[in-house]
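Biologist: I have a model open and some labels to check. Walk me through the reasoning behind them.

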Amino acid sequence: AGAKLDGAKLFMERTCFACHGKDAKTPILPEYPRIAGQGAVYAERQMKDIKSGARSNGNTAAMKGIMPLVNDDEIRAIAEYISTLK
């Protein structure tokens with residue numbers, strides 16, 4: 001197994017903060033979700049569903065351009081990171 005990925009670093013590198021806020025609870029638009037504290041399993045599923053196209057409702061179009069740049073291990077690390085935020 002490889003080294004554990006840094007979800008906080010990935011959150012910044014993959015530009016999640018640009019829409020969801022650096023603290024993951026101050027999104028740039030009111031209709032974007034506050035994701036701090038979101039359950040890791042749920043967050044991972046949502047990101048994977050957006051990436052695959054299984055979820056295409058709401059504001060998913062904003063994430064469609066980013067998700068191809070994030071692999072499954074990175075998605076898991078980001079999900080685990082945001083689940084720790086309060």
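Biologist: Which residues in α3 meet which residues in α5?

Modeller: This is a predicted model. From α3, the residues are A40, A43, E44, M47, K48 and K51. Their partners in α5 are D72, I75, R76, I78, A79, E80, I82 and S83. By class, that contact holds seven nonpolar, one polar and six charged residues.

Biologist: What makes S83 the polar one in that list?

Modeller: Ser is in neither the nonpolar nor the charged set, so it counts as polar.

Biologist: What is the angle between α3 and α5, and how far apart are their axes?

Modeller: Helix α3 spans residues 40–52 and helix α5 spans residues 72–84. They pack at about 140°, with axes 8 Å apart. That makes α3 oblique to α5.

Biologist: Why is this called oblique?

Modeller: Roughly antiparallel needs an angle over 145, and roughly perpendicular runs from 65 to 115. The value here is about 140°, so the pair counts as oblique.

Biologist: Is the crossing left-handed or right-handed?

Modeller: The crossing of α3 and α5 is right-handed.

Biologist: How many helices and strands does the protein chain have?

Modeller: Five helices and zero strands. From the N terminus on, the order is α-α-α-α-α.

Biologist: Why is the chain called as compact as a globular protein of its length?

Modeller: Its radius of gyration is 12 Å, and the globule rule gives 12 Å for 86 residues, so the label fits. The C-alpha trace spans about 35 × 30 × 20 Å along its principal axes.

Biologist: What share of the residues is buried?

Modeller: Buried residues make up 31% of the 86.

Key
Residues numbered from 1 in each chain as written. Predicted model: local features only at pLDDT ≥ 70, side-chain atom pairs only at ≥ 80, totals over all residues. Heavy atoms only, no water. Axes fitted to C-alpha atoms, helices over the stretch in contact; angles between N-to-C directions. Helix = DSSP H or I, 4+ residues; strand = E, 2+ residues; numbered from the N terminus. Parallel < 35°, antiparallel > 145°, perpendicular 65-115°, else oblique. Left-handed = near helix turned anticlockwise from the far one by under 90°. Contact = heavy atoms within 4.5 Å. Rg over C-alpha atoms; globule rule 2.2 N^0.38 Å. Buried < 20%, exposed > 50% of the residue type's maximum accessible area, 1.4 Å probe, protein only.
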